[in-house]
Amino acid sequence: MGASLDGRPRAGAGTGTPPLRAQLTGHGDARVRHHHGRPVMRLLLVSDLHYTLPQLDWVVEQATEFDIVVIAGDHLDIASPVPLPAQITVILEYLRRLQAAGTVVVSSGNHDLTGPDDHGEQAALWLDEARTAGIPTDGDSLGVGDTLITVCPWWDGPVGREAVAAQLAVDGARRPERWIWVYHWPPTGSPTCWTGDRHYGDDDLVGWIDAHRPDLVLTGHVHQPPFKRSGSWADRIGPTWVFNPGRQIGPIPAHIDLDLAAGEAMWWSMLGREFVRLDADRAPDRTVV
Ligand SMILES: [Zn+2]
């Protein structure tokens, strides 16, 4: 992973209203498709809904307000009394509704793993059905206008890890003006993985952020950080913003509204709202905790 990754090969070659082209590629192959959507201006991030159906209903209701809805993993809940196959059927139906409302992007989380893949590592095999329906998911990359979204899986072993490294290298070499990652687990050392008594984060992601310096990393997994003193929903690591909306009970999920045109992110939870400007050089001090 070398210097060429810093290059930004094309920053909107078109003028006026260029055709909105999206590339959906998976696992290194080069499938390309056209995209019906607008440029990514407003993005909704939720994660760890864990089969909380009222929260999914809320996301569906909100979806038309956003250009992209990202659900950063843990769609299922392995502790639920509802059998996983039934959960999967319901979640796939929600994803279809979200797709009908606009563009939805989903990564897997650790609760979503349903069996070994071809390499004997655990994977969210059921998300292949979402992919078949045209929903960008694990291992896919979605290009919309000047934005590239790389969707990383919850990887379970060395082959999966190398696949993520390769995916990031490929996308790093063709990154456009804005590069967004979806990755279930926040990086180690960040307030976005602070549980209240320890940092619980992903070591590999630290290295990948350092190597590639993406613009945004959208995470989840650790439910507590936004609700804890010294934790946060937002962190800036070099040029990279990391977000984790956290998880709360109730009909409305904790969520982050990213207004990329305005250069602002807003976190909403039952505690209230917080804002950060994306041109700030660090995350602001917390106000609600
Ligand atoms: Zn979770």
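This is a short chat about Q99, its helix and a sheet in a predicted model.

Colleague: Where does Q99 lie?
Modeller: Q99 lies in helix α2, residues 84–101.

Colleague: Is Q99 buried or exposed?
Modeller: In between. Q99 is partly exposed, because 19 other C-beta atoms lie within 10 Å, and a buried residue needs 20 or more.

Colleague: What does Q99 touch, leaving out residues up to four places away in sequence?
Modeller: Its contacts are V104, A133, G134 and I135.

Colleague: And how far is Q99 from V69, C-alpha to C-alpha?
Modeller: The separation is 9.1 Å. Along the chain, Q99 and V69 are 30 residues apart.

Colleague: On to the helix. Which residues of α2 are buried?
Modeller: Q87, I88, I91, L95 and L98. They line one face of the helix, because they fall within an arc of 95 degrees seen down its axis.

Colleague: Why would residues spaced like that point the same way?
Modeller: An α-helix has 3.6 residues a turn, so residues three or four places apart point the same way.

Colleague: What covers the buried residues of α2?
Modeller: The cover includes α1, β5, β6 and α3.

Colleague: Which residues are exposed on the other side of α2?
Modeller: P85, A86, T89, E93 and A100.

Colleague: New topic: the sheet. What is the strand order?
Modeller: Six strands run β6-β5-β4-β15-β16-β17 in an open sheet with mixed pairing. The edge strands are β6 and β17, and each pairs on one side only.

Colleague: Do β5 and β6 pair in the parallel or antiparallel sense?
Modeller: Parallel, over four bridges. V70 has V105 in β6 as its bridge partner.

Key:
Residues numbered from 1 in each chain as written. Predicted model: local features only at pLDDT ≥ 70, side-chain atom pairs only at ≥ 80, totals over all residues. Helix = DSSP H or I, 4+ residues; strand = E, 2+ residues; numbered from the N terminus. Buried ≥ 20, exposed ≤ 12 C-beta atoms within 10 Å, placed from the backbone. Contact = placed C-beta atoms within 7 Å. Pairing = 2+ DSSP bridges. Arc of directions from axis to C-beta.
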